[in-house]
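Let's take a relaxed walk through one protein model, looking at a helix and at some charged side chains. Have the sequence and the 3D view open as you read.

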Amino acid sequence: MASVTPAQDTHGPEVSAPTNSNIAKRTVVCVFCGSCPGTSPAHVEAARSLAEVFHKNHISLVYGGGTVGLMGEVAKTLVALSGPDAVHGIIPMPLVKWEQENPRDLNEKDEYGRTTVVPDMHTRKQLMAKEVIEGGPGSGFVALSGGYGTLEELMEVITWNQLGIHGRGVVVFNVGGYYDGLIQWVRTAVSSGFIAPGNAGILVEALDAEEAVKQLQEYKVAEGRFKLDWSQK
């Protein structure tokens with residue numbers, strides 16, 4: 001049976017990176033994406049291409065731990081290229097039977113990397129964000145195509161960026177115009193006065209895998225972010 005990591009306090013943003021280490025840290029990118037492949041083969045191809053660019057740039061992947069859909073595609077492609085240590089999946093126990101295609105020993109590394117089983121969605125998202133924030137230069141978040149869950153995860157890390165909880169890049173990999181509506185919504189929210197113009201650039205667009213990684217490497221923190229102190233208890 002898979003081991004479950006102890007539940008952590010998910011009420012506070014305990015995600016700040018340590019500053020006293022001189023060891024070069026590996027870049028970590030969290031990928032949000034669907035547990036379905038989508039109706040167009042372009043979505044699966046995008047997941048594979050992203051993994052290939054991660055391999056070329058020595059980037060580690062943290063993701064939602066599924067073995068199906070785009071989740072499984074990006075994970076197994078990167079493991080095949082970089083080995084199981086390059087991929088860490090984090091999945092809540094209730095989702096194991098839905099997002100795991102075949103029975104696996106989740107205590108062992110395999111073709112999908114290593115997997116951590118956690119009690120709930122909040123712990124999953126907190127641990128994924130923590131790995132990114134503590135990663136090396138160019139670490140950040142990329143959203144491939146997906147549904148409600150992908151959008152919710154994406155919007156949360158955008159909000160955390162705006163609130164000053166992290167300063168990592170947030171990129172939508174816009175495959176075949178999939179995120180055109182979201183990008184237009186941001187523009188509308190700015191023009192309607194609900195997002196400050198200085199925060200419009202928190203979310204950036206990429207049209208291919210190379211551009212997605214480049215956007216993370218060159219990401220500039222938005223000028224309008226809230227200057228809040230999250231270190232206070």
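## Arg-48, a residue with a partner

Arg-48 has a relative accessibility of 37%, so it counts as partly exposed. Keep in mind that this is a predicted model.

Which side chain does Arg-48 meet in a salt bridge? Its partner is Glu-73, with 2.7 Å from N to O. Arg-48 sits in helix α1 and Glu-73 in helix α2, so the pair ties together parts that are 25 residues apart in sequence. Is Glu-73 buried or exposed? Glu-73 has a relative accessibility of 11%, and that makes it buried, because the cut-off for buried is under 20%.

## A look at helix α1

Helix α1 covers residues 41–56, which is 16 residues. Does its length make sense? Counting 1.5 Å a residue, you'd expect a span of 22 Å, and the C-alpha atoms at its ends are 23 Å apart, so the two agree.

Now check which parts of α1 are tucked away. The buried residues are His-43, Val-44, Ala-46, Ala-47, Leu-50, Ala-51, Val-53 and Phe-54. What do they pack against? The list has strands β1 (27–32), β2 (59–63), β5 (140–143) and β6 (169–173), plus helices α2 (69–82) and α7 (209–217). Try clicking on these elements one by one in the 3D view.

Just after α1 comes His-58, and its phi angle is positive, at about 55 degrees.

## Back to Glu-73

Glu-73 has another salt bridge to show you: its side chain also meets that of Lys-76, at 3.9 Å from N to O. Both of these residues belong to helix α2, where they're three residues apart, or about one turn of the helix. Lys-76 has 35% relative accessibility, so it counts as partly exposed.

## The wider set of salt bridges

How many salt bridges does the structure hold? There are six. One of them links the side chains of Lys-130 and Glu-134, with 2.9 Å from N to O. Lys-130 is partly exposed because its relative accessibility is 29%. Glu-134 comes in at 26%, so it also counts as partly exposed.

And what about the residues you met earlier? Arg-48, Glu-73 and Lys-76 are joined into one network by salt bridges that share partners. Glu-73 appears in both of the pairs described above, meeting Arg-48 and Lys-76.

Definitions and conventions. Residues numbered from 1 in each chain as written. Predicted model: local features only at pLDDT ≥ 70, side-chain atom pairs only at ≥ 80, totals over all residues. Heavy atoms only, no water. Helix = DSSP H or I, 4+ residues; strand = E, 2+ residues; numbered from the N terminus. Expected span 1.5 Å × (residues − 1). Buried < 20%, exposed > 50% of the residue type's maximum accessible area, 1.4 Å probe, protein only. Contact = heavy atoms within 4.5 Å. Salt bridge = Lys/Arg side-chain N within 4 Å of Asp/Glu carboxyl O.
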